[in-house]
Amino acid sequence: MIRGISLVARHEFVETVRTKSFLISLVLIPLLMSAGMFVPQWLSSHTSVIRNVAIVDLTEEARYGDMLAQEIKRVYARNALAEITSYVRAYAFPEFKTDQGLDPRQVPPLLLKRRSDFTDADADAFLNNGGLVWAMSIAAPFVKPGSPPPVLEPKTLRLVDVPDDLAKADLRGAPADYLRPWLTGERNITVPDSDKPETLSAVVLIQPDAAPVQPGSPSALGYAEPGQSVQIWSNGALPESLARRLPRAANVVFQKTELVAYAGDSEVLERMDYRAPLRTLDISAKDGRELTTADMIARILPRALSVMLIYFLYINMFMLMNNTMEEKSSRIIEVLVSSVTPNQLLIGKLLGSSLVALTMFAFSVGMFLAVILLAGGSDFVEFAGILLDVFSKQPILPALFVYFVLGYFLFAGIFLTLGAFCETSRDVQNMSTPMVLLMMVVPFVVWAVADDPNGSGAQLLSWMPFFGPFMMMARATSEPPMLDIVGSVLVQLFTIAVLLWASGKIFRIAVLSSGKPKVGQLIKLVRQGG
Amino acid sequence: MAPIVELSNIHKRFGDHIAVEDVSMQVEPGQVYGFLGPNGAGKTTSIRIMLGIIDPDRGTRQILGAQSALSVSHRVGYLPEERGLYKNMSAQNVIAYLGQLKGMDGASAKRRAGELLERYGLADAAKKRVKQLSKGMAQKVQVLSTMVHDPDLVVLDEPFSGLDPVNQQVLEDLLMDMKQAGKTIIFSTHVMQHAERLCDRIGLIAHGRDVFNGTVGEAKRLLTPRILLRTKDDIMALHELEAVRDVTPISEENGVMEWEIVTQGRVSTEELVGRCMEHRIEIAHFSMIEPSLHEVFVHLVGGEKAVEDQNVSKGWGDAT
């Protein structure tokens, strides 16, 4: 009996992993997963269009224009500084690192900061002292020699001088006729770092009586009088790269102006950057433990892997169904069931195909991590390092293995039996639809409940057939009670046993039948023992 | 000697459809047994029951001395109807895999597969994938896969269907090789010529029921032979013979008429010739032609065939 099962399993495994479609999937899945992460970054860095923006300040003494330009430049400076510090975290000598990141006793505070920590003073220092060269001169002593250069986010916004004709025009009241030729490309501008004529993407027009307005007032909600407004003009909808940055920068400028006016001292702005001396701590350790990015990832990662798990199962279920359908349509299945029992065939196919699925899953996860490590920019190297750290300290990989196998056998018996009724690809599509719908619902439900991984919803789903493996995977790093772990596994094992028992009874008839079964007939078959 | 296969009063029903009813057969060692019948007659169901692929609702089955066909599956080779192979496997590997399923170890199965392919002129195809082979070559590979484990009994379901005349001859030769090697062969067909040439015994099944079981000769004796007589004289006087049912002119050439004499039961040549001489009928030619198996088949099942063809594939679970 064992020999028959192992022969079928080995055949299923060897013949599947040798197919082109499997080899293509093996390469394609991690590539697509990695591409999902890198391509948007690559596209944004290689295809980003630089938008030219002019600021016209019609207020007395042009109070806001320069401040707005500086605020916009600071956004770029903060992003660049964040890239540099991420780069240092990824490539620093080990002696400058601790468990929580860089060592604050050895590394300057500027390099300890993350994106939200950079102040106006940091951004201005970057802008006034030479930008990247200055930042790298601070970072270089802590970075291992031979490290790849940092990858900076490309500039997508260029502040340009107001064209002379526009500067001379009366832009108060109804400026559209003056702005239209510049914003529609009828007239172009010249910029110092480009030898081609350029189009103006937007004009920020600060009207003479523009001033900070109280929150909640109609003026603050987009109903300001024309002469009192800050107008952002563009041809059609504002490009996405400007739509968030320009209003935000304008708001910051007006808030700061009001604050300084209220305090009567511009030093108040520096006070705005003061921070709470925050520490986030985990109570589970004896004296508390500093929470890190790794902890956050450890919380989210199992959820992501749970969703990934079900999509992998989805792919493999179709492979399984197709293989069985081909064996049936070619009638070779009759030769098989004249040599081994239908149950041996069923179990052998399940074991072989589960090994196929496990191989694909393990390879994809490994390749994904390798791609992140090898091909990523500094952000990704740091991320990959944290991921590896999480994998080594949390029971994610064993959980992944156990719940993958449970999930696989929960669905595989059903799909295999359905495949035994199919003779064409259309049959496969039709027969699999209800199960596919169930598989599509599972990740949504699990994701929604997993935010409270030890809550009653998560506990309930952990004990439910079909949901259990995925819910428990999503809870893998949340230290679920042992009762939930053991109970869930037992429920799933029991469900698998029942399903395989029923599948075995139906499978032996299905492989020799023609046409589609009715639910009533299936139930009758199971009751009659096939 | 105990029969190799013995089915006794087998019944099988799929839903409302009775696939086989009270079918019995017995095949002795070394025989070539033809299992004949129109489409949907129940041949495939009977074969599947014989091989333990499905169980009968009633009746008993014994194959190679065992009641469980699976327990002797290593001594049985099986070629199903509408057969196929794993398209992406090499010819040698697919034969070897099926050999392994029949109990061979991996190395022996592969070696034997290579030997068979070489013996039957497919050495060059051994490493080719099945999908790269011509239809005829693939069909040969399928038959070889039933022989790889040197079985005592080979069961082939409609082995000649879909084969061109050349490959039909190749398969006939292959079956004759097996017969000479002492194998017992059972094959189903609805093409009578193959059965006539190859079979020691035949079983005829129609509408799920046994119609005939015996040798080809016994089957032919179910019909009276046709008598052809050529003469210039009038032979109507032969009507006087009680056994003569009809006398029909067929053709005429240079004043010589050819007649077909239809009799009831067998009539001796001597009696017919004696009566001709009595009536001064000058015989230019006299011959007695045995009926073909095809004629026997049509005679036995012809009337029911149309009805039975409609019973094929009555939906899921119908595995006739």
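**Notebook: chains A and B, predicted model**

I began with B:E290, which is partly exposed because 13 other C-beta atoms lie within 10 Å. The scale I use counts a residue as buried if 20 or more other C-beta atoms lie within 10 Å of its own, as exposed if 12 or fewer do, and as partly exposed in between, with C-beta atoms placed from the backbone. This is a predicted model, in which local features need pLDDT of at least 70 and side-chain atom pairs count only at pLDDT 80 or more, while totals for chains, interfaces and linings use all residues. Residues are numbered from 1 along each chain as its sequence is written, and chains are lettered from A and ligands numbered from 1 in the order in which they are written.

**Entry 1: around B:E290**

I placed B:E290 in the loop between β13 (283-289) and α9 (293-310) of chain B. Helices (H or I, at least four residues) and strands (E, at least two) are DSSP runs, numbered from the N terminus. Leaving aside neighbours within four places in sequence, I found B:E290 in contact with B:K220 and B:P225; contact here means C-beta atoms, placed from the backbone, within 7 Å. I also checked B:T224, which is 66 residues from B:E290 along the chain, and the C-alpha atoms of the two are separated by 7.4 Å.

**Entry 2: chain B as a whole**

I counted nine helices and 13 strands in chain B. The C-alpha trace of chain B spans about 75 × 45 × 40 Å along its principal axes. Of the 320 residues in chain B, 42% are buried. Among contacts in chain B with a separation of 6 or more, 71% are between residues 24 or more positions apart.

The domain assignment splits chain B into domain 1 (5-220 + 296-310) and domain 2 (226-289); such bounds come from an automatic or database domain assignment. The centres of these two domains of chain B, taken over C-alpha atoms, are 44 Å apart.

I then looked at helix α8 (residues 269-278) of chain B, where one of the 10 residues is buried, so the helix lies largely in the open. B:R280 follows α8(B) and has a positive phi, near 55 degrees.

**Entry 3: positive phi elsewhere**

Most residues other than glycine have a negative phi, so I noted two more exceptions. B:D150 has a positive phi near 50 degrees and sits in the loop between α4 (135-147) and β6 (153-157) of chain B. B:D150 is partly exposed, with 15 other C-beta atoms within 10 Å.

A:F466 is not a glycine either, and its phi is positive at about 75 degrees. I found A:F466 in the loop between α18 (456-462) and α19 (468-474) of chain A. Unlike B:D150, which is partly exposed, A:F466 is buried, with 20 other C-beta atoms within 10 Å.

**Entry 4: chain A, domains and confidence**

Chain A is divided into domain 1 (2-34 + 292-528) and domain 2 (48-272). I noted 49 Å between the C-alpha centres of domain 1 and domain 2 of chain A.

Chain A has an average pLDDT of 84, and 93% of the residues score at least 70; pLDDT is the predictor's confidence in each residue, from 0 to 100. Among the elements of chain A, the lowest mean pLDDT (65) belongs to helix α21 (residues 519-528) and the highest (92) to helix α5 (residues 120-128).

**Entry 5: helix α16 and the cores**

I checked the length of helix α16 (residues 396-420) of chain A: at 1.5 Å a residue its 25 residues should span 36 Å, and the end C-alpha atoms are 35 Å apart, which agrees. The expected span is 1.5 Å times one less than the number of residues. α16(A) bends by about 30 degrees at A:A412, the bend being the angle between axes fitted to the seven residues ending there and the seven starting there. Of the 25 residues of α16(A), 19 are buried, so the rest of the structure largely encloses the helix.

The largest nonpolar core has 153 residues, and A:L309, A:M473, B:I95, B:V141 and B:V155 touch the most other members. α16(A) gives this core its largest share, 15 residues. Apart from it lies another core of 28 residues, among them A:V56, A:L200, A:L205 and A:L242. A nonpolar core is a set of buried Ala, Val, Leu, Ile, Met, Phe, Trp, Tyr and Cys residues joined through C-beta atoms within 7 Å.

Definitions and conventions:
Contact = placed C-beta atoms within 7 Å.
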